[in-house]
Amino acid sequence: MKRALFIDRDGTLVKEPPVDFQLDSLEKLEFVPKVMRNLYFIRRRLDFELVMVSNQDGLGTPSFPEETFWPAHNMMLKTLAGEGIVFDDIRIDPSVPEENSPNRKPRTGMLTDYMTGEYDLERSFVIGDRLTDMELARNLGAKGIWLRPAKGAEEELAAYPVALPSVRIAEDWDKVAELLFAGERRASVRRVTKETDIFVEWDLDGYGKTDISTGLGFFDHMLEQIGKHSGTDLTIRVKGDLGVDEHHTIEDTALALGEALAKALGDKRGIERYGYCLPMDDCLCSVALDFGGRPWLVWDAEFRRERIGDMPTEMFLHFFKSLSDAARMNLNIRAEGANEHHKIEGIFKALARSIKMAIRRDIYKYVLPSTKGTL
């Protein structure tokens, strides 16, 4: 079945004029950064049809004469075509909001011929800079890629009066192309034993959002460092036999976390693979990491206290060993300093920064970072 990208125009392909919101002169024509390189990549490497879908309020009326619209619009199309980017279809609705036209986004009247079963809409996308574009995706049964800065986006999405479940946030066209070409890197793991019940969801292409509850306050604080400082979204919910002790909760969380990381990484094409450290006040902590497929841990950190918060310090080594085993990665961890809290927090933050570095993905060099041919 065919797939399509339904792409908004103003604010997504070209910058929307800030005053009257009408691109009615050549002087106002300015492309959104990175759009040409990435649209060319999408056009050349993927099988989507490109469909431009745009509301142009009052086009053809005295408030927006057609003779002021077409020169800039045609120049935009000509410039894109010169870069190898040609749209398969262009749909423009000239109505104003008060008319409640069935053709006006986010309604689907302009696109009914894409809804007859010939197109695989579940694997198609709407790309736009407004939540109404994401609502169009919902109405079509497609996925949405919301082109906007990440800060505040989750809150705005949650406050929107219509539920929009299949939306990814992309800060720029580099991220749009990465999501379309290489896919999402998100995995969930449910691990249930007689001792623990653990759910982990890890989105490697998130923005540092965490939702963590293990029953151990200090452990929660450390795990939050992983999500926050790696720039990934991490959810961990644990019910453990804390009435016995903390051992099973900490060990099994590490195993589930490592399994989710390995699943989310997939075949590891295009990633940096390696990560390296940071100071924290009096401490110097380094974590060198390799997603090479073989687990190994070197641990060079000593703790003089039996517990930090409600977490036994003997479990730190055990946590990282279990994590390394389940994620099939090398970890080389070293820490020095006087403050025990700072020391272990520095290790978790250094781990997070190493993960951030190692999972960075480049779709323009989308090869396996190994001479073996497998990781």
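Reader: Axes are lines fitted to C-alpha atoms, with angles from 0 to 180 degrees between N-to-C directions. With that settled, at about what angle does α2 run to β3?

Author: About 155 degrees. This is a predicted model, and in it helix α2 (residues 66-82) lies across β2 and β3.

Reader: Ok, and the sheet those strands belong to: what's the strand order?

Author: It's an open sheet of 6 strands, ordered β3-β2-β1-β4-β5-β6, with parallel pairing. The edges are β3 (89-93) and β6 (167-170); each has a single partner strand, so one side of each has no neighbour in the sheet. From one strand to the next, the twist averages 20 degrees.

Reader: Which sheet strands does α1 touch?

Author: Helix α1 (residues 35-45) packs on the sheet against β1 (3-7) and β2 (48-55), and its direction makes about 135 degrees with that of β2.

Reader: Which residues of α1 are buried?

Author: V35, N38, L39, F41 and I42. Those residues sit on the same side of α1, because they cover an arc of only 155 degrees around the axis. The cover over them includes β1, β2 and α5 (173-182).

Reader: Back to the strands. How many bridges pair β4 with β5?

Author: 4 bridges, in the parallel sense, between β4 (residues 125-128) and β5 (residues 143-147). I127 has I145 as its bridge partner in β5.

Reader: I've got F6 on screen. Buried or exposed?

Author: Buried: F6 has 0% relative accessibility, and the cut-off for buried is under 20%. F6 is part of strand β1.

Reader: What is F6 in contact with, leaving aside its neighbours within four places in sequence?

Author: V51, V53, L111, Y114, L121, S124, F125, V126, I127 and L140. So I127, the residue with I145 as its bridge partner in β5, turns up among the contacts of F6.

Reader: And how far apart are F6 and M76 in space?

Author: 17 Å from C-alpha to C-alpha, with their positions 70 residues apart in sequence.

Reader: Switching to salt bridges. How many does a search of the whole structure find?

Author: 39. One of them is R3 with D47, at 2.6 Å from N to O. R3 is in strand β1 and D47 in the loop between α1 and β2, so the pair ties together parts 44 residues apart in sequence.

Reader: Is R3 counted as buried or exposed? And D47?

Author: R3 counts as buried at 12% relative accessibility, whereas D47 counts as exposed at 54%.

Reader: What about D290 and R273, how do their side chains meet?

Author: Through a salt bridge of 2.6 Å, N to O. D290 counts as buried at 10% relative accessibility, and R273 is buried too, with a relative accessible area of 10%.

Reader: Where do E340 and K343 lie?

Author: Both lie in helix α9 (residues 340-358), 3 residues apart, which is about one turn of the helix. Their side chains meet in a salt bridge of 3.0 Å, N to O. E340 is buried at 5% relative accessible area, and K343 is buried at 3%.

Reader: Why would residues three or four places apart point the same way?

Author: Because an α-helix has 3.6 residues a turn.

Reader: Nice. Which residues are linked in a network of salt bridges?

Author: K175, E178, R185, D205 and R361.

Reader: Now the hydrophobic stuff. How many residues has the largest nonpolar core?

Author: 54, and the residues with the most contacts inside this core are L257, F319, F320, I344 and I347. Helix α7 (residues 247-265) gives the largest share, 8 residues. Not counting residues up to four places away in sequence, I344 touches F218, M222, F303, I308, F316 and F320. Another core lies apart from that one, with 34 residues, including V14, L29, I85 and V176.

Reader: One more sheet to go. What's the order in the one with 4 strands?

Author: β7-β8-β10-β9, an open sheet with mixed pairing. β7 (186-192) and β9 (210-213) are at its edges, each with a single partner strand, so one side of each lacks a neighbour in the sheet. The twist here averages 5 degrees from one strand to the next.

Reader: How do β8 and β10 run, parallel or antiparallel?

Author: Antiparallel, with 8 bridges joining β8 (residues 196-203) to β10 (residues 233-240). I198 stands opposite V238 in β10. Helix α6 (residues 217-230) packs on this sheet, touching β8, β9 and β10, and its direction makes about 160 degrees with that of β9.

Terms used:
Residues are numbered from 1 along each chain as its sequence is written. This is a predicted model: local features need pLDDT of at least 70, side-chain atom pairs count only at pLDDT 80 or more; totals for chains, interfaces and linings use all residues. Side-chain values use heavy atoms; hydrogens and water are left out. Two strands pair if DSSP finds at least two bridges between them. Helices (H or I, at least four residues) and strands (E, at least two) are DSSP runs, numbered from the N terminus. Contact means heavy atoms within 4.5 Å. A nonpolar core is a set of buried Ala, Val, Leu, Ile, Met, Phe, Trp, Tyr and Cys residues joined through side-chain atoms within 4.5 Å. Buried means under 20% relative accessible area, exposed over 50%, partly exposed in between (1.4 Å probe, protein chains only). The arc is that of the directions from the helix axis to the C-beta atoms. A salt bridge is a side-chain nitrogen of Lys or Arg within 4 Å of a carboxyl oxygen of Asp or Glu.
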